[in-house]
Amino acid sequence: MLYCMHKHELALCCSIPYNTENNMLFRLRKSAYPPVVTTLGYITPETKDLIRMVYRSGTDEEFERVRDAIMRYTASNPDFQFTIPCFTFQGVVQTQAWATSNHGDTVGSILVAGFATIMNGHFHAYTGDLVHWYFDFEAKMFEEDGRRKEGIAFTADVDAVYKAKGEHYKMEEPFLDRVAGERSRFHDMREYGKYPDLFENYKITQSKYGYKQNVVYPKTYHYDEDGYSDRIRVFGRVVNGGRPFEPIDVLIFSQCR
């Protein structure tokens with residue numbers, strides 16, 4: 001369940017390394033099928049903040065500055081590990097697949113272009129809007145209307161973000177009303193196995209049990225507020241909108257990679 005790929009989820013291709021010094025991902029490019037993920041599984045709070053920093057870049061120059069800073073920091077700090085790929089949108093999952101052949105088939109089918117019904121994320125989606133993907137832990141970086149929050153300064157200081165232990169970005173999560181919160185909790189319970197009575201203690205979720213987390217959701221793209229790192233994640237257009245955590249219809253653009 002923790003790493004399984006389920007129907008209607010957004011799949012990200014991870015064949016291209018973000019850090020070009022990470023040779024492990026180059027070997028994946030030789031496989032017959034593109035390697036994809038629908039979740040990051042369990043990652044540390046420091047890694048979440050670093051990913052938030054990467055996708056906070058407003059221009060391509062800032063995006064490359066962060067990449068260069070991470071590569072330099074990796075080279076000078078052997079204990080520092082940040083080997084994420086350069087995620088690109090692959091499509092919408094059509095069949096279930098497993099992360100290991102010990103449990104089932106590791107090959108699944110993905111819709112790379114056309115119409116699809118997917119679960120909306122934390123923000124309203126309106127018909128005609130462009131839509132891009134984001135990780136659920138990035139929600140705090142956006143206002144309730146889906147625009148980037150003002151006052152969050154761009155930074156390429158990897159050392160400061162990493163040593164903050166997940167406390168560098170202290171913004172609050174976007175507000176969800178009672179009904180939207182119920183939809184979110186029901187979706188987490190039904191789709192990801194997050195049953196409240198089993199996970200009252202966070203430490204238990206890391207060991208004895210486990211539920212799917214750090215997943216990918218869609219969000220509308222705002223031309224006047226969202227920057228380069230959001231623009232490169234655009235993958236389609238909303239055909240039939242919806243409220244937070246409601247199914248929406250999306251026209252997926254043809255993928256070139």
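## A cavity in the model

A cavity is a set of grid points where a 1.4 Å probe fits but cannot get out. The structure here is a predicted model. A search of the whole structure finds one cavity of 30 Å³ or more. The volume of the largest cavity is about 40 Å³.

Which residues line the largest cavity? They are Tyr18, Tyr55, Phe63, Pro85, Cys86, Phe87 and Ile232. By class, this lining has seven nonpolar residues, with no polar and no charged ones. Phe63 also belongs to the buried residues of helix H3.

## Overall make-up

The protein has seven helices and nine strands. It holds 257 residues, and buried residues make up 47% of them. Take the contacts with a separation of 6 or more. Residues 24 or more positions apart account for 74% of these.

## The second largest pocket

The second largest pocket has a volume of about 800 Å³. Its lining counts 29 residues. Nearest the centre of this pocket lie His122, Asp136, Glu173, Asp188 and Lys194. By class, the lining divides into 14 nonpolar, six polar and nine charged residues.

Which helix gives the most to this lining? H5 does, with seven residues. Helix H5 spans residues 178–192, and helix H2 spans 45–54. Each of the two supplies at least two residues of the lining.

## Helix H2

Helix H2 is largely enclosed by the rest of the structure, because nine of its ten residues are buried. The buried residues are Glu46, Thr47, Lys48, Asp49, Leu50, Ile51, Arg52, Met53 and Val54.

What do these buried residues pack against? Their partners are H3, strand E6 (130–135), H4 and H7.

## Helix H3

Helix H3 runs over residues 60–76, with 17 residues. From its first C-alpha to its last it reaches 25 Å. That is close to the 24 Å expected at 1.5 Å a residue.

The buried residues of H3 are Phe63, Val66, Arg67, Ala69, Ile70, Met71 and Tyr73. They pack against H2, helix H4 (158–163) and helix H7 (228–231). H4 and H7 also appear among the packing partners of the buried residues of H2.

## Cysteines

How many disulfides does a search of the whole structure find? It finds zero. Cys13 is in no disulfide; the nearest cysteine sulfur, that of Cys14, is 6.1 Å away. A disulfide needs the two sulfur atoms within 2.5 Å, so a pair 6.1 Å apart does not count. Cys14 is likewise in no disulfide, and the nearest cysteine sulfur to its own is that of Cys13.

Are these two cysteines buried or exposed? Cys13 counts as buried because its relative accessibility is 7%. Cys14 is buried too, with a relative accessible area of 8%. Buried means under 20% relative accessible area.

## Positive phi in two loops

Most residues other than glycine have a negative phi. Lys165 is not a glycine, yet it has a positive phi of about 55°. Lys165 sits in the loop between H4 and H5.

Asn214 also has a positive phi of about 55°, and it is not a glycine either. Where is Asn214 found? Asn214 is in the loop between helix H6 (202–206) and strand E7 (216–220). With 3% relative accessibility, Asn214 counts as buried.

How values were computed: Residues numbered from 1 in each chain as written. Predicted model: local features only at pLDDT ≥ 70, side-chain atom pairs only at ≥ 80, totals over all residues. Heavy atoms only, no water. 1 Å grid on protein atoms, 1.4 Å probe; cavity = no way out; pocket = protein on both sides within 12 Å on 5 of 7 lines; lining within 4 Å. Points joined across faces, edges and corners; volume = space filled by probe spheres on them. Helix = DSSP H or I, 4+ residues; strand = E, 2+ residues; numbered from the N terminus. Nonpolar A, V, L, I, M, F, W, Y, C, P; charged D, E, K, R; others polar. Expected span 1.5 Å × (residues − 1). Buried < 20%, exposed > 50% of the residue type's maximum accessible area, 1.4 Å probe, protein only. Contact = heavy atoms within 4.5 Å.
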